[in-house]
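Here's a quick walk through a protein model for anyone meeting it now. Have a look at the picture, then read on.

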Amino acid sequence: MSLKPYYFILLVIFLSSAASAILLYFYLNPEMETKVAFSLMGAALFLSGSSFLSLLIFFIKKIYYRGEVYLATMSASIRQAIFIILGCIFTGFLYGISLFERNLILMVWAAIGCLEIMIQAIE
């Protein structure tokens, strides 16, 4: 299977979720329905961030490995992008609730790193 369908699907996900995040930012009134606004904006930012970051990570790996990349490399890039975006969203959430604990944030990133290393060891 070619990598071109992955590129196209990730590009479509990025464009549609970025457009929906922009529309939500300008047209949704968060004072009326706060839970809906935050959940929709979080989902849109998660999808757009992870799809863009997965393509970025994949192309960095493609440069690093000198073009010898496979479908497993794309799958690993998608997984790593999801972990990074989840860590960023959780860090932003902790800052949003005024919990400025450096050790907690470092522990979250260490747990995400350990989880990724365990998944790579299984593969």
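## A serine inside

Let's start with one residue: serine 54 sits in helix H2, which covers residues 34-64. Is serine 54 buried or exposed? With a relative accessible area of just 1%, serine 54 is buried, since anything under 20% gets that label. Leaving aside residues up to four places away in sequence, serine 54 touches Leu10, Ser77, Ile78 and Ala81.

Keep in mind that this is a predicted model, so treat every value here as computed from that prediction.

## The overall picture

What's the protein built from? It has four helices and zero strands, so reading along the sequence gives you the pattern α-α-α-α. The C-alpha atoms fill a box of roughly 50 × 35 × 20 Å, taken along the principal axes.

Of the protein's 123 residues, 28% count as buried. Now take the contacts between residues at least 6 apart in sequence: 67% of them join residues at least 24 apart.

## H1 meets H3

Helix H1 runs over residues 4-27 and helix H3 over residues 71-96. The two pack at an angle of about 20°, and their axes are 11 Å apart. H1 and H3 are therefore roughly parallel to each other, as angles under 35 degrees count that way. H1 passes H3 in a left-handed crossing.

Which residues do the touching here? From H1 come Tyr6, Tyr7 and Leu10, and they meet Leu71, Met74, Ser75 and Ile78 in H3. Sorted by class, the residues of this H1 and H3 contact are six nonpolar, one polar and no charged.

## H3 meets H4

H3 also packs with helix H4, residues 102-122. Their axes come within 10 Å and cross at roughly 165°, which makes H3 roughly antiparallel to H4. The crossing of H3 and H4 is right-handed.

On the H3 side, the contact is made by Arg79, Gln80, Phe83, Ile84, Gly87, Cys88, Phe90, Thr91, Leu94 and Tyr95. H4 brings Leu104, Ile105, Val108, Trp109, Ile112, Leu115, Glu116, Ile119 and Gln120. By class, the contact of H3 with H4 has 13 nonpolar, four polar and two charged residues.

## Two more residues to find

Threonine 73 has its place in helix H3. At 14% relative accessibility, threonine 73 counts as buried. Not counting residues up to four places away in sequence, threonine 73 touches Phe58 and Lys61.

Leucine 11 is over in helix H1. How accessible is leucine 11, and what does it count as? Its relative accessibility is 42%, so leucine 11 counts as partly exposed. The C-alpha atoms of leucine 11 and serine 48 are separated by 9.1 Å, while the two residues are 37 residues apart along the chain.

## Rings that pair up

Finally, the aromatic rings. How many aromatic pairs does the structure hold? There are eight aromatic pairs. In one of them, the rings of tyrosine 25 and phenylalanine 26 have their centres 5.1 Å apart and their planes at 75°, so this pair is edge-to-face. The cut-off behind that label is planes over 60 degrees apart. Tyrosine 25 is exposed, and phenylalanine 26 is exposed too.

Ring pairs also link Tyr7, Phe58 and Phe59 into a cluster. You've met two of these names already: Tyr7 is among the H1 residues that meet H3, and Phe58 is one of the residues that threonine 73 touches.

Terms used: Residues numbered from 1 in each chain as written. Predicted model: local features only at pLDDT ≥ 70, side-chain atom pairs only at ≥ 80, totals over all residues. Heavy atoms only, no water. Phe/Tyr/Trp six-rings, centres within 6.5 Å; stacked < 30°, edge-to-face > 60°. Buried < 20%, exposed > 50% of the residue type's maximum accessible area, 1.4 Å probe, protein only. Contact = heavy atoms within 4.5 Å. Axes fitted to C-alpha atoms, helices over the stretch in contact; angles between N-to-C directions. Parallel < 35°, antiparallel > 145°, perpendicular 65-115°, else oblique. Left-handed = near helix turned anticlockwise from the far one by under 90°. Nonpolar A, V, L, I, M, F, W, Y, C, P; charged D, E, K, R; others polar.
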